[in-house]
Amino acid sequence: MTEPRSTLWIRRFQPRPAAPVRLVCLPHAGGSATFFAGLPSLLGGGVEVLAVQYPGRQDRRNEPFVDSLAELTGAVVDELLPWTDRPLALFGHSLGAVLAFEVARGLTAAGHVPAALFVSGRRAPSRQRPEYAHQLDDDGLLREIRRLSGTDDRVFADEELVRMVLPAIRADYRIVENYRYEPGPPLDCPLTVFTGTDDPKVSAAEAAAWGEHTSDTFGLHTLPGGHFFLTAHQERLTEEITKVLLSIAVRRGDAAGRP
């Protein structure tokens, strides 16, 4: 079988043809695939990392933004199907968490149950809150971004850069704030949640509610920090991700060895 290649959507920073599992990473609102460029080194040779690049940013900045999470989900599922020759796990932060969940549902419907789902910085899909940040003016949206402490303050000193990233952030906020969960059967894969102690976007109960969305094992890890706690805890996240993926590899190996 011919190996799939990187596309406008899928970035493969360090190809690892021998890795037994792939981890697909889905960025936060306004984020890009390069946010995960250092992840392969942290995970080691047993995992191949694929990162999704949404339209409307970096080298795709001249493309129109997607109009809904459903549209984004369908596009990502289609792009991932050629990569299902090996087990696929999914990781998403914030917007990426909701997208990872819906992509997991889409892959399952296509006959490719994900090996695992990892989410961070987002409440369970079944826990809705009214959110309207995408309707704020530019100053209001910048205040919201600062509140979440997800951007280096030096970025705000560069007016040209701010103008460049705000449209992507607003477009991503719009699709995630307009998302409405449609009830369905739980996923049939391990689900691991990471949340920050001081994340204004996720309460402890809203993080725990992710457990309703899988019939397999569920893990919840609460770490110090706000919405972007993961930047200070990369080693802990990758350690937990590696543990889960290793246990899956062992389970699969045991199953394959049974008569």
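Let me begin with a cluster of charges: Arg12, Arg22, Glu48, Asp85 and Arg86 are joined to one another in a network of salt bridges. Please keep in mind throughout that what we are looking at is a predicted model, and that the structure as a whole holds 18 salt bridges. As general background, side chains of opposite charge can pair when their charged atoms come close.

From the network I would like to move to some individual pairs, starting with Arg122, which forms a salt bridge with Glu131, where the closest N and O atoms are 3.8 Å apart. Are these two residues buried or exposed? Both Arg122 and Glu131 are buried.

The next pair is Arg127 and Glu212, whose side chains meet in a salt bridge with an N to O distance of 2.5 Å. Arg127 sits in the loop between β5 (116-120) and α4 (138-147), while Glu212 sits in the loop between α6 (204-208) and β7 (218-223), so this pair ties together parts that are 85 residues apart in sequence. With a relative accessibility of 30%, Arg127 counts as partly exposed, and Glu212, whose relative accessible area is 47%, is partly exposed as well.

A further salt bridge links Asp138 with Arg170, and here the closest N and O atoms are 2.7 Å apart. Asp138 belongs to helix α4 and Arg170 to helix α5 (residues 159-177), so the pair ties together parts that are 32 residues apart in sequence. Asp138 is partly exposed, its relative accessible area being 43%.

Let me now turn from charges to internal space. Rolling a probe the size of a water molecule over the atoms shows where empty space is left. How many cavities of 30 Å³ or more does the count give? The count comes to 2.

The largest cavity holds about 50 Å³ of space, and two residues from the salt bridges I have just described return here, since Arg122 and Arg127 are both among the residues that line this cavity. The rest of its lining consists of Val98, Arg123, Ala124, Pro125, Gln128, Arg129 and Tyr179. Sorted by class, the lining of the largest cavity divides into 4 nonpolar, 1 polar and 4 charged residues.

The second largest cavity holds about 30 Å³ of space, and its lining is made up of Tyr54, Pro55, Arg57, Phe65, Val66, Leu72, Asp172 and Ile175. What does the lining of this second largest cavity look like by class? There are 6 nonpolar residues and 2 charged ones, with no polar residue in the lining.

Key:
Residues are numbered from 1 along each chain as its sequence is written. This is a predicted model: local features need pLDDT of at least 70, side-chain atom pairs count only at pLDDT 80 or more; totals for chains, interfaces and linings use all residues. Side-chain values use heavy atoms; hydrogens and water are left out. On a 1 Å grid over the protein atoms alone, a cavity is a set of points where a 1.4 Å probe fits but cannot get out, and a pocket is an open set with protein on both sides within 12 Å along at least five of seven lines; lining residues have an atom within 4 Å of a point. Grid points are joined across faces, edges and corners, and a volume is the space filled by probe spheres set on the points. Ala, Val, Leu, Ile, Met, Phe, Trp, Tyr, Cys and Pro count as nonpolar, Asp, Glu, Lys and Arg as charged, and the others, Gly among them, as polar. A salt bridge is a side-chain nitrogen of Lys or Arg within 4 Å of a carboxyl oxygen of Asp or Glu. Buried means under 20% relative accessible area, exposed over 50%, partly exposed in between (1.4 Å probe, protein chains only). Helices (H or I, at least four residues) and strands (E, at least two) are DSSP runs, numbered from the N terminus.
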